[in-house]
Amino acid sequence: MNMLTRGLATGMMALFAASGAMAEAADDNLVINGEIEIVTRTEAPAHLSDTMDEIMSGWLFRGEETRAMEADDFDNPGMIFVEQGEEAWNTAEGSEGKSCADCHGASSEMAGVRPVYPKYVEAAGEVRTLEMQVNDCRENRMGAEKWDYTGGEMVNMVALLSSVSRGLPVNVAIDGPAQSTWEKGKEIYYTRFGQLELSCANCHEDNYGNMIRADHLSQGQINGFPTYRLKNNKLNAVQSRFKGCVRDTRAETFKPGSPEFVALELYVGSRGNGLSVEGPSVRN
């Protein structure tokens, strides 16, 4: 570590310490529309037992007004994009003249899909994210062009598929043929990147609950993605957030849809096993 990077890293750790008075996660329960009960804190999955006892949704680390927005679909700005995803679901496209609904029925029939992704898809011989599977359907079943991995159409569709699974537990498989990808994702999670030499774990495992400037660090759980961020007034894909986090370490970042980010999403997704799907969520 040269003098510049040592100074940057030391400064960042000092920032954690200086602004890092513990700010307790909210003691609150999330029930969406008065009927969808969301598990926002639960016992950590077995593969995290030597790291933490409890896992918590990022919802618990937000302010009261932000939490309230997610509790009512009329107040949740992310639901506008769910409606757009529903329109796309029912629109025929491509050389086959098919819509998603033609093969899968109503979007509500997809409840239970979001909780298990990313997952190993045997027919493809690889771990796939939900975005990868959507594009496979578009290209090979509809004869339509692929969507941009983190573009608006894709984020809207993933938000729709998340919304119909709200309240169901995240259950990402990490064994069998998915294990090698999971191990790669775990390695990336604990690798220090960039001039600041920070890993995902430095913020979301070592310092969750601390304040860094005005931000309350969460565990970095992704059960709420896609998430509407008040900071940029749009719905954000999970790998867009990964890209932003790596960029914030002042590193060359991976591309959304890259093998590195697919592996990282599998690993981070599994850290939330047992929490409820709650996307589209609302965050700062």
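A residue counts as buried when its relative accessible area is under 20%, and that cut-off is the one to keep in mind at the opening stop of this tour through a predicted model.

**Start at A263**

Select A263, which sits in helix 10. Because its relative accessibility is 0%, A263 counts as buried. Show its surroundings and, setting aside residues up to four places away in sequence, you will find A263 touching T181, K184 and G185. For a sense of scale, draw a C-alpha to C-alpha distance from A263 to T66: the two are 30 Å apart in space and 197 residues apart in sequence.

**The nonpolar cores**

Move along to L264, whose contacts, apart from neighbours within four places in sequence, are G185, I188, Y189, C200 and F242. Which residues touch the most other members of the largest nonpolar core? They are F242, L264 and V268, in a core of 27 residues. To see where this core comes from, colour helix 7 (179-189), helix 9 (238-248) and helix 10 (259-271), each of which supplies at least two of its residues; helix 10 gives the most, with six. A second core, separate from this one and made up of 21 residues, can be located by selecting W89, V155, L161 and A237, which are among its members. As a general background to both views, nonpolar side chains in soluble globular proteins tend to be buried together.

**Two cysteines without a bond**

Return to C200, already met as a contact of L264, and select C245 along with it. Why is there no disulfide between C200 and C245? The sulfur of C200 lies 6.9 Å from that of C245, the closest cysteine sulfur, and this is too far for a bond, since a disulfide requires the two sulfur atoms to be within 2.5 Å. Seen from the other side, C245 is likewise in no disulfide, with the sulfur of C200 as its nearest cysteine sulfur. A search of the whole structure finds zero disulfides. As for their surroundings, C200 counts as partly exposed, at 23% relative accessibility, and C245 is also partly exposed, with a relative accessible area of 32%.

**The largest pocket**

Keep C245 selected and add H204, D215, R241 and D248, for these five lie nearest the centre of the largest pocket, which is lined by 49 residues. About 1300 Å³ of space lies in this pocket. Several elements each supply at least two residues of its lining, including helix 1 (3-19), helix 8 (200-204), strand 8 (215-216), strand 9 (227-229) and strand 11 (281-283). Helix 9 gives the most to the lining, with ten residues. If you colour the lining by class, you will see 22 nonpolar, 17 polar and ten charged residues.

**The second largest pocket**

Next select H104, M110, Q133, V134 and C137, which lie nearest the centre of the second largest pocket, among the 21 residues that line it. Helix 4 (100-104), helix 5 and helix 6 are the elements that give two or more residues to this lining, and the largest share, nine residues, comes from helix 5. The volume of the second largest pocket is about 370 Å³, and its lining divides by class into 13 nonpolar, four polar and four charged residues.

**The enclosed cavities**

The last stops are spaces from which the probe cannot get out. How many cavities of 30 Å³ or more are there? The count comes to two. To find the largest, select R114, V170, I222, N223 and G269, which lie nearest its centre among 13 lining residues. About 90 Å³ of space lies in this cavity, and its lining is made up of seven nonpolar, four polar and two charged residues.

Leave R114 selected, as R114 also lines the second largest cavity, together with L130, E131, V155, V158, F225, P226, N236, A237, V238 and E265. Of these, V155 and A237 were met earlier as members of the second core. The second largest cavity has a volume of about 70 Å³. Helix 5 (130-142) and helix 6 (152-163) each supply at least two residues of its lining, which by class holds seven nonpolar, one polar and three charged residues.

Technical notes: Residues numbered from 1 in each chain as written. Predicted model: local features only at pLDDT ≥ 70, side-chain atom pairs only at ≥ 80, totals over all residues. Heavy atoms only, no water. Core = buried A, V, L, I, M, F, W, Y, C linked by side-chain atoms within 4.5 Å. Buried < 20%, exposed > 50% of the residue type's maximum accessible area, 1.4 Å probe, protein only. Helix = DSSP H or I, 4+ residues; strand = E, 2+ residues; numbered from the N terminus. Contact = heavy atoms within 4.5 Å. 1 Å grid on protein atoms, 1.4 Å probe; cavity = no way out; pocket = protein on both sides within 12 Å on 5 of 7 lines; lining within 4 Å. Points joined across faces, edges and corners; volume = space filled by probe spheres on them. Nonpolar A, V, L, I, M, F, W, Y, C, P; charged D, E, K, R; others polar.
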